[in-house]
Amino acid sequence: MLIYPTIKMGPLLGLQGSGGGLGYLAPKGSAGGPPAGAASFLAFGGATASLSDQIGSLDFGNSGQITLSSSTHGGPPGFTNSGLIAGGTGNNTGNVRTAADNIPDLSGDFTIDCCCYNSSAPSSNSWMPWSIGNYTGGGSWYVYNSAGNVRFDTSDTSFSGRLGEAGSSDPQHNYVQNKWCVSRLRRSGNTTHVNWYEEHANGLTWQNAPGSSFSGTTNGTGPNIANSSDGRMILNGWAASHGAGGGYSVGSSQVSVAWIVVYASSFTGTPYVP
């Protein structure tokens, strides 16, 4: 029997590891509880859809920019609906976002999984499913697509310097158009990794997206709430000075986000399936 922590509770010790490996086939119905071991969990579809973190305090705002439990793009494994993003705003400040100085802890090892759907072809857009920055600094954390090319970037605590970056080799390891995918940015020690997953054809679990995962050296301490210099996490856009023109966002109703999971560790398991 699987036992999940209740809302705003920590994981139950001894009952972790139920996050849904490749052999775990969950029915594609109502969404379940938070994944064991997560530091933050947000579900934008299902019975518990909300902009509030179900475990920690990574709460989002600007509810007018997202339609919770939308059926437009359906949902990923375990969900039948998701959060439809209205589109990026002119300077990305109006996007779905957290408050200033409310970000995941990026000071050491971490993992950010974002389950998303993009109906726009990778070759025709520049897009960040999410990013973490402070709007005025040049540095930020993200996984991006730029006309089919994929990279990740990092930042120090003041969003003024880079800790490391890397890009995918060909064939590019990227999201798949019109398919539910998960972007994973994971730091382990001095190395940061990128993985893209796509929904399996059976609709019940995840498999690696085309191309190969990639990584790069990351040296130094990233930001956390205590030293984030007004940092925030935004969806569908670039939270940095470079995003002032609304860059790296995709237009209205082309993107949906079903859930976000943050681990305060380097998590290498298969992405969440309730």
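Modeller: Accessible areas here come from the Shrake-Rupley method with a 1.4 Å probe. The model is a predicted one.

Colleague: OK, what share of the area that the chain exposes do carbon and sulfur atoms supply?

Modeller: The chain exposes about 9,800 Å². Of that, the part supplied by carbon and sulfur atoms is 49%.

Colleague: And how many helices and strands does the chain have?

Modeller: Look at the contacts first: among those between residues at least 6 apart in sequence, 70% join residues at least 24 apart. As for secondary structure, the tally is 0 helices and 17 strands.

Colleague: Which residues touch the most other members of the largest nonpolar core?

Modeller: This core has 38 residues, and strands S6 (110-118), S8 (130-133) and S13 (191-199) are among those that each supply at least two of them. A second, separate core has 18 residues, including Trp180 and Val273. Back in the largest core, the ones touching the most other members are Phe60, Trp130, Ile132, Trp196 and Ile260.

Colleague: Is cysteine 114 buried or exposed?

Modeller: Buried means under 20% relative accessible area. Cysteine 114 has a value of 0%, so cysteine 114 is buried.

Colleague: Then how many disulfides does a search of the whole structure find?

Modeller: A disulfide needs two cysteine sulfur atoms within 2.5 Å. For cysteine 114, the closest cysteine sulfur belongs to cysteine 116 and sits 4.6 Å away, so that's too far for a bond. Cysteine 181 has cysteine 116 as its nearest too, with the sulfur 6.5 Å away. Searching the whole structure, the number of disulfides is 0.

Technical notes: Residues numbered from 1 in each chain as written. Predicted model: local features only at pLDDT ≥ 70, side-chain atom pairs only at ≥ 80, totals over all residues. Heavy atoms only, no water. Core = buried A, V, L, I, M, F, W, Y, C linked by side-chain atoms within 4.5 Å. Buried < 20%, exposed > 50% of the residue type's maximum accessible area, 1.4 Å probe, protein only. Helix = DSSP H or I, 4+ residues; strand = E, 2+ residues; numbered from the N terminus. Contact = heavy atoms within 4.5 Å.
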